[in-house]
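Thanks for sharing this one. Here are a few notes to read alongside the model.

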Amino acid sequence: MPDVRRSEGRAVRPPSRKAEVLAEIQRYQAAHGISPTGVELAESLGLCCAMIARYLDQLEKDGAVSALYASGKRSPRSLVVVASGDSRGVTVVEISTRDP
């Protein structure tokens, strides 16, 4: 049976983990002025780093966040929350650190 809570007589589902990750990114950015690392997200939400990576991949696929990549890996502190899940106008740039 799904976890359902009651609020003012209505059934209310708790936020999904993906929504919790997004909210934590926004909270951290507001408090610190920079994006959290995957390790910081994992510690604050009580999840392993692999699960955080999975949620970040899903959030990127959904267009809720954007990040910079270097050598095929997500750069720490490069997360950008896209306003209202609208990914139009957001460009993800891959940065190669190798010399040509």
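1. A word on classes before the pocket: Ala, Val, Leu, Ile, Met, Phe, Trp, Tyr, Cys and Pro count as nonpolar, Asp, Glu, Lys and Arg as charged, and the others, Gly among them, as polar. On that basis, the lining of the largest pocket has eight nonpolar, four polar and two charged residues. Do keep in mind that this is a predicted model.

2. The volume of the largest pocket comes to about 200 Å³. Its lining is made up of 14 residues, and Thr 37, Gly 38, Val 39, Leu 56 and Arg 74 are the ones nearest the centre. Two or more lining residues come from each of helix H2 (38–45) and helix H3 (49–62). The largest share, four residues, is given by H3.

3. Now to H2, where Leu 41, Ala 42 and Leu 45 are buried. Viewed down the axis of H2, the buried residues fall within an arc of 100°, so they line one face of the helix. In general, an α-helix has 3.6 residues a turn, so residues three or four places apart point the same way. The cover over the buried residues of H2 includes helix H1 (17–32) and H3.

4. Please also look just after H2, where Gly 46 has a positive phi of about 70°.

5. Is Glu 60, a residue of helix H3, buried or exposed? Glu 60 is buried: its relative accessible area is 19%, and buried means under 20%. Neighbours within four places in sequence aside, Glu 60 contacts Val 65, Ser 66, Ala 67, Tyr 69 and Arg 74. Arg 74 is also among the residues nearest the centre of the largest pocket.

Conventions:
Residues numbered from 1 in each chain as written. Predicted model: local features only at pLDDT ≥ 70, side-chain atom pairs only at ≥ 80, totals over all residues. Heavy atoms only, no water. 1 Å grid on protein atoms, 1.4 Å probe; cavity = no way out; pocket = protein on both sides within 12 Å on 5 of 7 lines; lining within 4 Å. Points joined across faces, edges and corners; volume = space filled by probe spheres on them. Buried < 20%, exposed > 50% of the residue type's maximum accessible area, 1.4 Å probe, protein only. Arc of directions from axis to C-beta. Contact = heavy atoms within 4.5 Å.
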